[in-house]
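Reader: Please show me the sequence and the model, and then I will ask about helix packing and the core.

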Amino acid sequence: MKEQSYYDRYMRQSWIFQAVGIVLIVTAAGINELSGRSFALPVWIIAGLGIVPLVIGGASSRPHTVVKSFAILLQNDPSSVNAREFLTAIRKAGKVRLVKRSKTIIESALYAYGQSEEADEELLKELREAIDNNVKVRAF
């Protein structure tokens with residue numbers, strides 16, 4: 001079996017969170033419909049427990065969040081492996097509009113990788129091209 005990239009595992013995990021949230025919310029709705037008591041405490045508890053992973057998974061899978069997350073990973077651990085994962089995330093996320101602060105995080109990640117011992121000039125060039133083509137700054 002082919003080893004999945006960190007990007008693929010990250011996205012799969014966010015989808016699992018969303019699926020668990022949906023299942024819990026549907027379960028709460030089903031219990032609510034099947035029981036004679038409308039909106040009983042267990043229904044609220046199960047629905048509330050479903051909302052949390054649904055929101056976390058949904059927020060984690062948004063393209064701007066994915067790009068920023070992988071930029072932070074590269075910034076904190078500037079290795080060629082993480083640079084390739086960041087490149088994958090940028091390419092798969094497509095066109096992304098980030099606030100200036102998030103764009104600064106991306107630039108810091110590139111700088112950190114460029115200064116690391118593992119820095120590969122060709123990979124750094126590919127990253128810069130992908131960022132120029134896919135990442136734009138938005139006002140807010």
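Reader: In which helix is Y6 found?

Author: This is a predicted model, in which local features need pLDDT of at least 70 and side-chain atom pairs count only at pLDDT 80 or more, while totals for chains, interfaces and linings use all residues. Residues are numbered from 1 along each chain as its sequence is written, and side-chain values use heavy atoms, with hydrogens and water left out. Helices are DSSP runs of H or I with at least four residues, strands are runs of E with at least two, and both are numbered from the N terminus. On that numbering, Y6 is found in helix α1.

Reader: Is Y6 buried, partly exposed or exposed?

Author: Buried means under 20% relative accessible area, exposed over 50%, and partly exposed in between, with a 1.4 Å probe and protein chains only. Y6 has 37% relative accessibility, so it counts as partly exposed.

Reader: Which residues does Y6 touch, not counting those up to four places away in sequence?

Author: Contact means heavy atoms within 4.5 Å. By that criterion Y6 touches F70, L73 and E85.

Reader: How do the axes of α1 and α3 run, roughly parallel, roughly perpendicular, roughly antiparallel or oblique?

Author: Axes are lines fitted to C-alpha atoms, for helices over the stretch in contact, and angles run from 0 to 180 degrees between N-to-C directions. The axes of α1 (residues 6–34) and α3 (residues 63–76) come within 12 Å and cross at roughly 130 degrees. Angles under 35 degrees count as roughly parallel, over 145 as roughly antiparallel, 65 to 115 as roughly perpendicular and the rest as oblique. The crossing angle therefore makes α1 oblique to α3.

Reader: What is the angle between α4 and α6, and which term applies?

Author: The axes of α4 and α6 are 10 Å apart, and the helices pack at an angle of about 25 degrees. That angle makes α4 roughly parallel to α6.

Reader: Which element supplies the largest share of the largest nonpolar core?

Author: A nonpolar core is a set of buried Ala, Val, Leu, Ile, Met, Phe, Trp, Tyr and Cys residues joined through side-chain atoms within 4.5 Å. The largest one has 27 residues, and V67, F86, I106 and L127 have the most contacts inside it. At least two residues each come from α1, α3, α4 (80–93), β1 (96–98), α5 (100–115) and α6 (121–134). The largest share, six residues, comes from α4.
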